[in-house]
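Student: I have a protein structure open and would like to work through it with you. Could we go through it together, one question at a time?

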Amino acid sequence: MTETHSTGVRGDSGPETARLVASRVLDVPDFPKPGVMFKDLMPLFADGAAFRDVIDGIVAYHGRESFDAVVGIEARGFVVAAAIAYATGVGVVPVRKAGKLPRPAYAASYELEYGEATLEVHQDAFTAGHRVLVVDDVLATGGTAAATLDLVERAGGTVAGFTVLLELSFLGGRDRLAPRPVHALLTV
């Protein structure tokens, strides 16, 4: 359940974490196309102490022993996934844009809030029952997340959790993913 406090900042890990993420997000208007307000999380990644606090918070929320691998969604999800994998001593698996993986892969196409895309994961990425934490930077319409969760399961993994740094709640991504739980550090 997302917590809201008098500051208006809310997130599933409480107001302190939500404020931390919010303080490191920059709005970039008209990117990648006119009318889109891009939420740039690079300032969060560039702040070592803040980034460490966010990664530690994600690990604490899910528990170190609750997953066997971390999936990062291209491209900013790679940054988060690699840090979580390192912190917990598990492997990291990339979910990439079509044509970027060298071995046989499962593919899923979906619509973005500003276009279409296809994601892929290696067919041998997981062993049966592998518990997988999926992470990304932003949850918008839920298309990318839904495609990724489907790919993890098609490749033999079991989704152990799904976390994003920022949820754009007005785009309905959480509803699209229901009944799967979504863990968002900041919800706007």
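Student: Let's begin with a charged side chain. Is glutamate 153 buried, partly exposed or exposed?
Tutor: Happy to, and please keep in mind that this is a predicted model. The relative accessible area of glutamate 153 is 38%. Buried would need a value under 20% and exposed one over 50%, so glutamate 153 counts as partly exposed.

Student: Which residue forms a salt bridge with glutamate 153?
Tutor: The closest N and O atoms of this salt bridge are 2.9 Å apart. The pair links distant parts of the chain, with glutamate 153 in helix α5 and its partner in the loop between α6 and β11, 27 residues apart. That partner is partly exposed, at 29% relative accessible area. The residue is arginine 180.

Student: How far apart are the end C-alpha atoms of helix α5?
Tutor: Helix α5 covers residues 143-154, which makes 12 residues. At 1.5 Å a residue, they should span 16 Å. The distance in the model agrees with this: 16 Å.

Student: Threonine 144 lies in that helix too. Which residues is threonine 144 in contact with, leaving aside its neighbours within four places in sequence?
Tutor: Threonine 144 has a relative accessible area of 17%, so it is buried. It is listed among the buried residues of α5 along with others, including Ala147 and Leu151. Its contacts are Ile73, Tyr110, Leu112, Leu119 and Asp136.

Student: Now the other salt bridges. Which residue pairs with glutamate 74, and why does the pair tie together separate parts of the chain?
Tutor: The structure holds 10 salt bridges, and in this one the closest N and O atoms are 2.7 Å apart. Glutamate 74 lies in the loop between β5 and α4 while its partner is in strand β6, so the two parts tied together are 22 residues apart in sequence. Glutamate 74 is buried at 18% relative accessibility, whereas its partner is partly exposed at 22%. The partner is arginine 96.

Student: Which peptide bond starting at glutamate 74 is cis, and what is its omega?
Tutor: The bond leads from glutamate 74 to alanine 75. Alanine 75 sits in the loop between β5 (69-73) and α4 (76-88). Its omega is near -5°.

Student: There is a proline preceded by a cis bond as well; which proline is it?
Tutor: The bond starts from alanine 178 and has an omega near 10°. The proline lies in the loop between α6 (173-177) and β11. It is proline 179.

Student: Which residues are joined into one network by salt bridges that share partners?
Tutor: Start from the salt bridge between glutamate 167 and arginine 174, whose closest N and O atoms are 2.7 Å apart. Glutamate 167 is buried at 4% relative accessible area, and arginine 174 is partly exposed at 24%. Sharing of partners gives one network of Asp12, Glu167 and Arg174.

Student: What kind of aromatic pair do phenylalanine 31 and phenylalanine 38 make?
Tutor: A search of the whole structure finds 2 aromatic pairs. In this one the ring centres are 5.2 Å apart and the planes stand at 85°. Planes over 60 degrees apart fall in one class, so the pair is edge-to-face.

Student: And at what angle are the ring planes of phenylalanine 45 and phenylalanine 51?
Tutor: Both of these phenylalanines are buried. Their ring centres lie 5.5 Å apart, and the pair is edge-to-face. The angle between the planes is 80°.

Student: Phenylalanine 51 is in α3, I think. Which elements do the buried residues of α3 pack against?
Tutor: Yes, Phe51 is one of the buried residues of α3, among them also Val54 and Ile58. The helix runs over residues 48-62, and its end C-alpha atoms are 21 Å apart, which agrees with the expected span. Its buried residues pack against α1, α2, α4, β9, β10 and β11.

Student: Last one: which residue that is not a glycine has a positive phi of about 60°?
Tutor: Look in the loop between β3 (26-29) and β4 (37-40). The residue there is partly exposed, with a relative accessible area of 49%. It is aspartate 30.

Methods. Residues are numbered from 1 along each chain as its sequence is written. This is a predicted model: local features need pLDDT of at least 70, side-chain atom pairs count only at pLDDT 80 or more; totals for chains, interfaces and linings use all residues. Side-chain values use heavy atoms; hydrogens and water are left out. Helices (H or I, at least four residues) and strands (E, at least two) are DSSP runs, numbered from the N terminus. The expected span of a helix is 1.5 Å times one less than its number of residues. Buried means under 20% relative accessible area, exposed over 50%, partly exposed in between (1.4 Å probe, protein chains only). Rings of Phe, Tyr and Trp (its six-membered ring) pair if their centres lie within 6.5 Å; planes under 30 degrees apart count as stacked, over 60 as edge-to-face and the rest as tilted. Contact means heavy atoms within 4.5 Å. A salt bridge is a side-chain nitrogen of Lys or Arg within 4 Å of a carboxyl oxygen of Asp or Glu.
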